[in-house]
Amino acid sequence: MSDYMFVLESHLSADQNRVLEQVQAAAGAAGVNLFLTGGGMRDMLGGFHVRDLDFSVEGNALKLAKALEQQGARTLAVDENRHSAELVFASGVTAQVAMSRKERYAKTGAKPQVTPATIQEDLRGRDFTVNAMALSLNRASRGLLLDPTNGLADLGRREMRSTHPYVFYDDPARLLRLVRLRVRLSFTVEERTRTQFDNARAAHVANLIPPRTLLEELKRIAAEPSPSEVVQALDRDGLLALFSPALAGSKLNLTALARLEKAARLVESANLVVAPQFASFLLALTAKLSPKEKSVLFKAVEMPAAEIDRMRDLEPRGWKLEQALKSARVKRPSHVYRILTDANADEMVFLLGNSMQRVVPERIRNYLQKYLPAMQDVPPAEWGTLEGQPGTPKYHRSRQAFLASHLDVRPRKPPVPEPESIAPVDALARGRGR
């Protein structure tokens with residue numbers, strides 16, 4: 001096994017490694033060449049957390065995606081033009097499987113003409129050099145690094161560099177991507193790439209980004225570790241107005257976004273998945289906008305009605321949970337545990353960022369940092385002692401008593417030891433001590 005394979009496998013979670021093995025086996029059975037590419041390669045080589053797995057296939061990628069679907073994966077989205085599919089596996093790991101390709105643009109922002117290509121041609125046509133590396137997952141060349149644009153050196157310099165002069169003119173959405181990745185990775189932008197970026201902005205090519213692409217980018221911003229920093233950077237570069245001209249000055253609610261980030265990190269630290277995170281982000285982003293201004297934003301990105309409904313539904317759910325948590329009847333840790341075990345993670349994030357009732361965020365923090373870990377440490381055999389069937393009154397009473405016995409009993413303070421008696425010192429010893 002090559003050093004790069006060792007680095008890869010040591011950077012992936014157990015679930016991601018299982019997906020890696022599954023995709024390799026499916027590609028081998030289909031007889032196609034498989035490579036790990038894109039963000040997964042960049043994050044692995046840069047020592048960052050690997051968020052998603054990106055695979056490129058010299059062959060029929062959609063056929064490979066179908067084979068993985070038959071093995072239990074679920075398809076989230078398909079791009080027929082680019083021959084790519086986004087999948088989620090049973091463990092929750094997401095991955096993209098795409099055909100290695102060449103893209104030709106008849107004009108700026110147009111739909112590309114896509115043709116099959118070798119992996120080397122594919123990499124040379126990507127956006128930034130740090131995204132243009134691949135690792136062979138094929139038996140004959142397993143672990144071979146492909147780096148035609150010298151991305152590994154740029155990764156070492158912590159620098160963003162475009163792969164060719166027309167990167168932003170071919171696909172203007174790369175303007176947004178550069179800002180987002182620059183913030184997340186804390187990279188600088190190479191001087192020539194910065195000039196290309198400024199020239200593309202001056203030519204107003206960003207106005208050619210399709211609404212659905214703006215929506216996809218907004219969702220990616222929401223999933224960033226620090227959305228407020230990305231939003232602030234987009235505002236500085238004059239790109240935030242693409243979503244809404246109203247998102248400026250006092251209406252740019254960076255404080256609410258920062259509170260949201262802090263709340264989401266706290267909830268996720270307890271291994272709870274904040275989904276859908278986009279609804280919380282939209283609420284914070286648009287909190288200071290008028291109904292008309294919100295409507296303009298939703299129209300600019302062609303926001304689906306289902307997404308708007310999820311955002312609007314979060315507030316009443318959150319306030320309902322607040323009422324339950326601040327009730328005078330909630331007096332013990334087991335009461336808090338029962339309420340929050342049945343709550344959604346996005347409701348907890350909402351209240352941590354918005355509740356003005358001091359007791360509410362305090363109880364949520366206690367649940368996440370004390371009560372939940374305490375109950376997770378209870379051996380499964382003890383849970384098996386609960387009486388009755390789930391859903392029955394007997395089971396409910398048994399569960400209440402079980403929780404109370406583990407959460408509500410205060411540990412006894414250890415007894416304070418008696419001070420040791422000190423023997424009297426004789427006169428002779430006292431004299432010698434002078």
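User: Let's start small: which residue of S5 stands opposite glutamate 86?

Analyst: Glutamine 96 is the one facing glutamate 86. Keep in mind that this is a predicted model. As for the general idea, sheet strands pair through backbone hydrogen bonds, in either a parallel or an antiparallel way. Here, strand S4 (residues 84-88) and strand S5 (residues 94-99) run antiparallel, with 5 bridges joining them.

User: And how do S3 and S4 run, parallel or antiparallel?

Analyst: Antiparallel, again with 5 bridges. One bridge puts aspartate 79 across from serine 84 in S4. The two strands make a hairpin with 4 residues in between, and histidine 83 in that turn has a positive phi of about 55°.

User: Zooming out, in what order do the strands of the sheet come?

Analyst: Read across the open sheet and you get S3-S4-S5-S2-S1-S8-S9, 7 strands with mixed pairing. At the edges sit strand S3 (74-79) and strand S9 (145-146), each paired on one side only. Helix H3 (residues 38-46) packs on this sheet, touching strand S1 (33-37), strand S2 (53-58), strand S8 (134-136) and S9. The direction of H3 makes about 55° with that of S1.

User: How many aromatic pairs are there, and why does the pair of phenylalanine 128 and phenylalanine 168 get its label?

Analyst: The count is 7 aromatic pairs. For phenylalanine 128 and phenylalanine 168, look at the ring planes: they stand at 50°, with centres 6.1 Å apart, so the pair is tilted. It links distant parts of the chain, 40 residues apart: phenylalanine 128 is in the loop between helix H5 (119-124) and S8, while phenylalanine 168 is in helix H7 (residues 167-170).

User: Now pockets. What lines the second largest pocket?

Analyst: Its lining has 20 residues, with Leu283, Ala284, Ala287, Glu315 and Phe350 nearest the centre. By character, they split into 11 nonpolar, 5 polar and 4 charged. The helices that each give at least two lining residues are H12 (254-268), H13 (277-285), H14 (291-300), H15 (305-325) and H17 (345-354).

User: How much space lies in that second largest pocket?

Analyst: About 320 Å³.

Conventions. Residues numbered from 1 in each chain as written. Predicted model: local features only at pLDDT ≥ 70, side-chain atom pairs only at ≥ 80, totals over all residues. Heavy atoms only, no water. Pairing = 2+ DSSP bridges. Contact = heavy atoms within 4.5 Å. Axes fitted to C-alpha atoms, helices over the stretch in contact; angles between N-to-C directions. 1 Å grid on protein atoms, 1.4 Å probe; cavity = no way out; pocket = protein on both sides within 12 Å on 5 of 7 lines; lining within 4 Å. Points joined across faces, edges and corners; volume = space filled by probe spheres on them. Nonpolar A, V, L, I, M, F, W, Y, C, P; charged D, E, K, R; others polar. Phe/Tyr/Trp six-rings, centres within 6.5 Å; stacked < 30°, edge-to-face > 60°.
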